[in-house]
Amino acid sequence: MTDSRSFLEASIPELIKKLTVNEKIDLLGAPNWWNTSPIDRLKIPSIRMSDGPNGVRGSSHFVSTPSQCLPCATSLAATFDPQLIHEAGAFLAQEAKTKSSVVLLAPTCNIPRSPLGGRAFESFSEDPHLSGVMAAAYVNGLQSEGVSATIKHFVANDQEHERTAAESVMSERALREIYLYPFMLAQKHAKPGAFMTAYGRIGGLHCSENPTLLQGILRDEWKFNGIVMSDWFGTYGVSEPLNAGLDLEMPGPPRWRTPVLIHHSLTAQKLLLPTINERVTNLLTFIQQQAKRNPDIVYGDGVERSRDSPEARQFCRRLAAEGMVLLRNQRDTLPISQVKQIAVIGPHVQERIISGGGSAALKPTYVTTPWQGIQNAVPKGVTTVYTVGCYAHKYLPTLENNLTTPDGKSGWLCTFYNQDANGKPTKAVADFILNDTRVKLNDFLPSGLADEWTIKLSGKLMVETSGLYELGLTVAGRAKLFVDGKLTIDNWTKQTPGDFFYGQGTIEETAVIELKAKSAVDILVVYTNTSPIDDGPDDEVAASQPALMRGVRLGGCPKIDPDQAIQEAVDLAAKSDVVIYIGGLTPEWESEGFDRPSLQLPGRQDELITKLSRANPNTVVCIQAGSAVSMPWVDDVNGIIQAWYSGNEAGNALADVLFGKINPSGRLPLTLPVRIEDVPSHLCTRSENGKIHYREDLFVGYKHYQARYIKPLFSFGHGLSYTKFELLRVGCAMLSEQPFGLEVSITVKNIGSTTGSEVIQVYVAYPQRHLIHPKLQLKGFAKARDLRPGSSTTVTIKLDKYAVSYWDESSHKWVASAGEYGLSFGTSCDNIALESKFEVKETFSWLEL
Ligand code: BGC
């Protein structure tokens, strides 16, 4: 052991004795956004963490090293395949290490109680069992390669409105049986190294300073012994969070864990040294564990690299295709065959829609767009024609692919300047070439900058086709756009607040200019971080956002005549044998920081799809979105694929399903409602007077639709295949009464003519006596893989005490009541093929996992 690595074998109690109080304070906060604090004197290294969850972004939003982008969590859950998600976790661990990171800030396993929740795409499922099984598989895969998970957000960050303030008000049962449940299963089956607290409150107290959650449930009851960190800017005090059990304030430099504030609390005995020592012990144990597992990374060069191999591409492609859900396939329109001309229409055809927005977003190594995927897959002799049909963006598409730096490199040049007393840029401090026209400055600033500074972003813009172009400038700070030296957009002197950058920016200001094909114009964006939007009157002060967001975004695209664009699409549809429509939502519509206003597809997509289906009923609609959208045209089109945000292989994976290279086997991890009024949390999704009332209680997702006999658009668990299956018989064997164990077996046969996979779902019905329980609760599932036509297989599923227990609010324990339980076996919660039952002979209760 070299002296520089002596920490790997050091005794933590001995280190605690040697650390000064100020060094301990350093350890409890972070030096920056992504690292723990090193203590060089005692050879304590820093370890790096990174977002999560659908890839590993690395430690800079500003100049990030490209990564592989995996599908969003709803897509992962739609595979209903924990083994595959384990592989995804292991894949992400390799990605983390290429970014010199040993902690991933993932998975997210909150519950999308409303499809409008901004981060619904980032959580696995409305069902707590499916969420927990997927979260455990993800964590096990990640940690099998030595990278620690940070399961988040503990607990009940289920929508974004007033997320740092709102109290999630719910019954003890709902908290235990729905919202804590995925975390509990992950802790039971995978033991994540770290937990991240949610921004909001439970039981009146913020999660990051909630002793019942952090000490009572997590540490005492669940025996968690890793670290707890706050969400970014989600620490709201000095002594309360430390006393409650929050080990690490994130990000750094700390707002609260400073020598002045901590010494003040120690003097006032609001905080005691043994508490500080306990938190530091947790942190050092965690850092040591991660350093031992990854010495070459922790003591490595710290460089962030990209990985892009054929195997990695293949894995991303398979994972993405496995998550796609075939919702509808009338007249076997899919897979596409025997056609001469395919019209590919829609706002996403040529766009790079790979993930939802916010901290999950990352810069991909490459993207295959749907158009490229279709071009790669289309059989010889078949013509493909494209037109956009309509736009559906919230902000104009980014322009990096059309920009070169003043000296001809791809991207644009970003130069930082300090300012003089009048706010005029003075000396250039640093230069960077950026390959993104979304410039985020929250986690990175070059050294040598004063508090107030300017950046100038310059480049040459060139387009392929002559015509009118709309340009847009959005900012958190202030910015102006000059084209060929002429002021074209002023988002500086007069600003309108919007939801850009977690709600701290403006709306997009736009202008129309004329551009000539292949003839470059000079683009200059001048940005300053000074005087952001003024605080409004009292009732307009944004209470929900982490501060310090700085950024600017330039977008643009050809200006279209919306009526003419629809007409062109309809004409093309009428002339073609099949229409593939590709649209949905984008990271600007579905993102951390705000909730969606409605289920409706943005732009004129509904109108366009309806018109296309009239022109050609052989229309297949592919929806790229992380959650549900309404589909008023559902009965008019022949095919529908829920394609999610499926990462950088989005285009190839979609083509694999469209052309039958992959037989779809994804199943819905959430109910798709007909209309927003049907959603269980409708009318109680937003925070009112600081509280979000979870009035639907236990009846989240399909449990609500079943209890109230509301027919959804598509049910939880639904998904079609290019073949057909039949569930032939079930068996049920009690393994033991105490501890409870039941094994069920289901025989499934492929009665169609193509090889395919089916997901068999097991729902349990509790005895309904003095307490009301949801009619059916998913408690097990299995995927019968690659069944050949005519063949059958038997899958077995074990049910344990979790499958029969509810949270008893009087004894504060899990209880399984004696009685008869129903078992329903099906291929969705509303397509039950076989039933059975079993008995729990004696009531039992439990608390420890
Ligand atoms: C998100 C977390 C994320 C963190 C760091 C926060 O805004 O809520 O999920 O890990 O930022 O990016």
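**Notebook: salt bridges, a cavity and domains**

I began with Glu607, which forms a salt bridge with Lys611, and I noted 2.9 Å between the closest N and O atoms. I keep in mind throughout that this is a predicted model.

I then looked up where these two residues sit, and found that both Glu607 and Lys611 belong to helix α17, which covers residues 605-615. They are four residues apart there, about one turn of the helix.

Next I asked myself with which other side chain Glu607 meets in a salt bridge. The partner is Arg604, and the N to O distance for this pair is 3.0 Å.

I also wanted to know why Glu607 counts as partly exposed. The reason is its relative accessibility of 29%, since partly exposed is the class between buried, under 20%, and exposed, over 50%. Arg604 is likewise partly exposed, because its relative accessibility is 30%, and Lys611 is partly exposed too, with a relative accessible area of 33%.

After that I followed salt bridges that share partners, and wrote down one network that joins Arg119, Glu122, Glu160, Arg163 and Glu592.

For the whole structure, my search gave 42 salt bridges. One that I looked up in detail is between Glu464 and Lys518, whose closest N and O atoms are 2.6 Å apart. This pair links distant parts of the chain, for the two residues are 54 residues apart. Glu464 is in the loop between β16 (453-461) and β17 (467-476), whereas Lys518 is in the loop between β20 (509-515) and β21 (521-528). I checked both for accessibility, and Glu464 and Lys518 are each exposed.

I turned to the cavities, and noted that the structure holds seven of 30 Å³ or more. The largest cavity has about 170 Å³ of space, and 21 residues line it. Which of them are the closest to its centre? I wrote down Asp51, Asp231, Trp232, Ser359 and Glu592. Glu592 is thus a name I had already entered, as a member of the salt-bridge network. Sorted by class, the lining of the largest cavity comes to ten nonpolar, four polar and seven charged residues.

Last, I looked up the domain assignment, which gives domain 1 as 318-394 + 561-659, domain 2 as 400-558 and domain 3 as 725-846. I also noted how far apart domain 1 and domain 3 are, and their centres, taken over C-alpha atoms, are separated by 36 Å.

Notes
Residues are numbered from 1 along each chain as its sequence is written. This is a predicted model: local features need pLDDT of at least 70, side-chain atom pairs count only at pLDDT 80 or more; totals for chains, interfaces and linings use all residues. Side-chain values use heavy atoms; hydrogens and water are left out. Domain bounds come from an automatic or database domain assignment. On a 1 Å grid over the protein atoms alone, a cavity is a set of points where a 1.4 Å probe fits but cannot get out, and a pocket is an open set with protein on both sides within 12 Å along at least five of seven lines; lining residues have an atom within 4 Å of a point. Grid points are joined across faces, edges and corners, and a volume is the space filled by probe spheres set on the points. Ala, Val, Leu, Ile, Met, Phe, Trp, Tyr, Cys and Pro count as nonpolar, Asp, Glu, Lys and Arg as charged, and the others, Gly among them, as polar. A salt bridge is a side-chain nitrogen of Lys or Arg within 4 Å of a carboxyl oxygen of Asp or Glu. Buried means under 20% relative accessible area, exposed over 50%, partly exposed in between (1.4 Å probe, protein chains only).
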